[in-house]
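Biologist: I would like to learn how the features of a model like this are read, one at a time. Could you give me the general idea for each and then the case at hand?

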Amino acid sequence: MKNPQSCQSSSLSVYDGTSDESALLGDLCRTNRRDFSSTTNSISIVIKLVNREGFYFFATYLSIFTSNQNVELYCHPNYMRLRISPWYLLSLGYSTNNIFLNDPQCHPQVVANWLEFYIPYDGCLTVRQV
């Protein structure tokens, strides 16, 4: 999108939310910036093309959610990693021996004093929506 001629008829815009009515984070024809951070839990990418010839798009993301010091969620392109403090679960009255996702085969591993789930987007009964 650095070619000025392609920007006359095409665009690639990044929004801070679930639609193109959200706040604009950047338009690749108008900025050299290529890293965007969302203040919401969603980013929308809107591509408008007149001619697709030679067009290639690639994006990677890393999302980190920390609601407190007891739960962490890391979102990667192909999986999520959820870390939960065992002491936090015990304080809520849950047994750490009987914790699993919707799929009983998806149990956590103990990693550095955390219960850690590895959740592939195509496993553990997760559903991918596009």
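Modeller: Let us begin with a loop: alanine 112 is placed between β7 (109-111) and β8, where strands (E, at least two residues) and helices (H or I, at least four residues) are DSSP runs numbered from the N terminus. This is a predicted model, in which local features need pLDDT of at least 70 and side-chain atom pairs count only at pLDDT 80 or more, whereas totals for chains, interfaces and linings use all residues. Residues are numbered from 1 along each chain as its sequence is written, and side-chain values use heavy atoms, with hydrogens and water left out.

Biologist: What is the phi of alanine 112, and is alanine 112 buried or exposed?

Modeller: As a general point, most residues other than glycine have a negative phi, and most peptide bonds are trans. Alanine 112, although not a glycine, has a positive phi of about 50°, and with a relative accessible area of 64% it is exposed; the classes are buried under 20% relative accessible area, exposed over 50% and partly exposed in between, with a 1.4 Å probe and protein chains only. Asparagine 113 lies in the loop between β7 and β8, and it too is not a glycine yet has a positive phi, of about 65°. Its relative accessible area of 53% makes asparagine 113 exposed.

Biologist: Which residues of strand β1 lie on one side and which on the other?

Modeller: In a regular strand the side chains alternate between the two faces of the sheet. In β1 both faces are covered, with Ser11, Ser13 and Tyr15 on one side, Leu12, Val14 and Asp16 on the other, and all of them buried. The strand spans residues 11-16, and 6 of its 6 residues are buried.

Biologist: With which strands does β1 pair, and in what sense?

Modeller: Two strands are taken to pair if DSSP finds at least two bridges between them. By that rule β1 pairs with β3 (residues 44-48) in the antiparallel sense over 5 bridges, with serine 13 opposite valine 46. It also pairs with β2 (residues 23-27), again in the antiparallel sense, over 4 bridges, and here aspartate 16 stands opposite alanine 23. The hairpin of β1 and β2 has 6 residues between the strands, and in it glycine 17 takes a positive phi near 160°.

Biologist: How many salt bridges are there, and which residues are linked in a network?

Modeller: A salt bridge requires a side-chain nitrogen of Lys or Arg within 4 Å of a carboxyl oxygen of Asp or Glu, and the count comes to 3. Glutamate 72 and arginine 83 meet in one of these at 3.4 Å, N to O; the pair links distant parts of the chain, with glutamate 72 in strand β5 (residues 71-75), arginine 83 in strand β6 and their positions 11 residues apart in sequence. Glutamate 116 and arginine 81 form another at 3.2 Å, N to O. Because glutamate 116 lies in strand β8 and arginine 81 in strand β6, that pair ties together parts that are 35 residues apart in sequence. Arginine 83 also meets glutamate 116, at 3.8 Å, N to O. Glu72, Arg81, Arg83 and Glu116 are thus linked in a network of salt bridges.

Biologist: How exposed are the members of that network, and where does the charged end of arginine 81 sit?

Modeller: Glutamate 72 is buried at a relative accessible area of 15%, as is arginine 83 at 15%, and glutamate 116 is buried at 18%, whereas arginine 81, at 21%, counts as partly exposed. The charged end of arginine 81 sits over the ring of tyrosine 74, 4.3 Å from its centre, under a rule that asks for NZ of Lys or CZ of Arg within 6 Å of the ring centre and within 35 degrees of the ring normal.

Biologist: Which residues form an aromatic pair?

Modeller: A pair of aromatic rings is described by the distance of the centres and the angle of the planes. Rings of Phe, Tyr and Trp (its six-membered ring) pair if their centres lie within 6.5 Å, and planes under 30 degrees apart count as stacked, over 60 as edge-to-face and the rest as tilted. A search of the whole structure finds 1 such pair: tyrosine 79 and tyrosine 118, tilted, at 4.8 Å centre to centre with 35° between the planes. Tyrosine 79 is in β6 (residues 79-84) and tyrosine 118 in β8 (residues 114-120), 39 residues apart.
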